[in-house]
Amino acid sequence: MTDLNPQAKQMADESMVRNLAAQAQAIWPQEVELIRRYTLPDDVSILDAGCGTGECSSRLAELFPRARVLGVDIVDQHLDLARSRYGRLAPRLTFAHQTIFGLDAADGAFDLTVCRHVIHSVPHPDRVLAELARVTRPGGRLHLIPEDYGMLHFQRGALDPRDFWHEVPARFGEATGTDLFIGRNTFGILAGHGFTEITMHYVVVDTLRVPRGTFAAILEAWRDGYAESVAGLTRFTREETIAYFDQMIANIRDPNGYAVWMVPIVSARVP
């Protein structure tokens with residue numbers, strides 16, 4: 001039986017809390033402008049599927065002052081942290097332990113379903129998207145961040161980061177039954193399920209638009225949470241993996257350096 005959460009160890013690591021915080025700080029300022037284009041009412045009903053520590057759930061509750069927002073995840077320590085951090089937004093904002101492969105909600109329960117930084121990390125993304133569509137009302141929207149690790153670019157140094165990003169996501173995905181290039185494949189999956197008004201936008205996380213320290217914090221969290229797993233699943237040793245990450249982090253922090261991560265933002269209307 002396929003493991004539906006092959007990154008369980010990484011998700012539970014303390015580095016993931018840092019990663020989610022830094023990613024939200026880097027991405028949300030550009031992402032929120034795309035969400036505003038949906039022209040949703042203030043009292044919208046929102047599901048944040050795979051909410052983690054509630055970084056996005058809380059921002060959505062603040063963006064829509066009369067909205068009801070439910071964040072679901074399967075990592076209990078993340079849910080506990082979310083409840084402790086954002087209790088001021090209760091009862092409009094709540095959190096629950098649910099799997100995105102089988103949500104507790106009735107059909108058509110939400111106007112907007114958000115799923116960020118999740119579907120690249122689990123197998124059977126088509127099943128997940130079908131389940132998200134089930135709980136979204138006809139005419140409602142999906143809002144996705146399907147990560148694509150072919151969209152990271154760094155300057156060369158003693159090491160060439162292209163070698164790392166060409167091999168590691170492919171081998172890691174093969175070993176875990178996941179697609180770490182799913183950003184480019186999401187359109188086809190959505191179209192195949194009959195979604196309409198599919199759009200593809202990109203948040204540009206780079207050293208011009210995002211504070212260098214914030215961008216570097218994402219790579220530092222990846223290094224700390226994934227170096228051991230990369231070493232176990234690819235030809236790169238743990239020491240080599242850390243060396244690549246350290247060089248990329250130095251590239252970001254260098255005032256004269258440039259690096260960029262293109263983050264896909266995909267939306268679609270549920271038929």
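In the predicted model, helix H2 meets helix H4 through Met16, Val17 and Leu20 on the H2 side and His78, Leu81 and Arg85 on the H4 side. By class, the residues of this contact are 4 nonpolar, 1 polar and 1 charged. Two packed helices are described by the angle between their axes and the distance between those axes. For H2 and H4, which spans residues 76-85, the angle is about 50° and the axes lie 12 Å apart. The arrangement is therefore oblique. The crossing of H2 past H4 is right-handed. In an α-helix, with 3.6 residues a turn, residues three or four places apart point the same way.

A second helix pair is formed by H6 and H9, whose axes are 10 Å apart and make an angle of about 125°. H6 is therefore oblique to H9, and H6 passes H9 in a left-handed crossing. On the H6 side the contact is made by Pro161, Asp163, Phe164 and Trp165, and on the H9 side by Thr241, Tyr244, Phe245, Gln247 and Met248. These residues divide into 6 nonpolar, 2 polar and 1 charged.

Helix H3, residues 55-63, is mostly covered, with 7 of its 9 residues buried. The buried residues are Glu55, Cys56, Ser57, Ser58, Arg59, Leu60 and Ala61. They pack against two helices and four strands, namely H2 and H4 together with E1 (45-49), E2 (68-73), E3 (93-97) and E4 (110-116).

The largest nonpolar core comprises 37 residues, and Phe164, Trp165, Val205, Leu219, Trp222 and Trp261 are those with the most contacts inside it. Two or more residues each are contributed by the helices H2 (14-36), H6 (161-176), H8 (212-233) and H9 (238-253), and by the strands E7 (196-206) and E8 (260-269). The greatest contribution comes from H8, with 7 residues. Beyond its neighbours within four places in sequence, tryptophan 222 is in contact with Asn19, Gln23, Tyr149, Leu152, Trp165, Ala227, Phe245 and Trp261. Another core, of 29 residues, lies apart from the largest one and includes Val72, Phe101, Ile198 and Val270.

Threonine 186 is located in helix H7, which covers residues 186-192. With a relative accessible area of 0%, threonine 186 is buried, the cut-off being under 20%. When residues up to four places away in sequence are not counted, threonine 186 touches Ile119, Leu144, Pro146 and Val266.

Glutamate 240 is part of helix H9. Its relative accessibility is 38%, so glutamate 240 counts as partly exposed. Glutamate 240 is separated from serine 58 by 182 residues in sequence, and the C-alpha to C-alpha distance between the two is 37 Å. Serine 58 is one of the buried residues of H3.

Several backbone features fall in loops. Alanine 90 and proline 91 are joined by a cis peptide bond with omega of about 5°. Proline 91 belongs to the loop between H4 and E3.

Positive phi values occur at threonine 39 and histidine 117. Threonine 39, although not a glycine, has phi of about 50°. This residue is placed in the loop between H2 and E1. Threonine 39 counts as exposed because its relative accessibility is 66%, the cut-off for that class being over 50%. Histidine 117, also a residue other than glycine, has a positive phi near 60°. Histidine 117 is situated in the loop between E4 and helix H5 (125-134). At 10% relative accessibility, histidine 117 counts as buried. Threonine 39 is thus exposed, whereas histidine 117 is buried.

Conventions. Residues are numbered from 1 along each chain as its sequence is written. This is a predicted model: local features need pLDDT of at least 70, side-chain atom pairs count only at pLDDT 80 or more; totals for chains, interfaces and linings use all residues. Side-chain values use heavy atoms; hydrogens and water are left out. A nonpolar core is a set of buried Ala, Val, Leu, Ile, Met, Phe, Trp, Tyr and Cys residues joined through side-chain atoms within 4.5 Å. Buried means under 20% relative accessible area, exposed over 50%, partly exposed in between (1.4 Å probe, protein chains only). Contact means heavy atoms within 4.5 Å. Axes are lines fitted to C-alpha atoms, for helices over the stretch in contact, and angles run from 0 to 180 degrees between N-to-C directions. Angles under 35 degrees count as roughly parallel, over 145 as roughly antiparallel, 65 to 115 as roughly perpendicular and the rest as oblique. A crossing is left-handed if the near helix is turned anticlockwise from the far one by less than a right angle, and right-handed if clockwise. Ala, Val, Leu, Ile, Met, Phe, Trp, Tyr, Cys and Pro count as nonpolar, Asp, Glu, Lys and Arg as charged, and the others, Gly among them, as polar.
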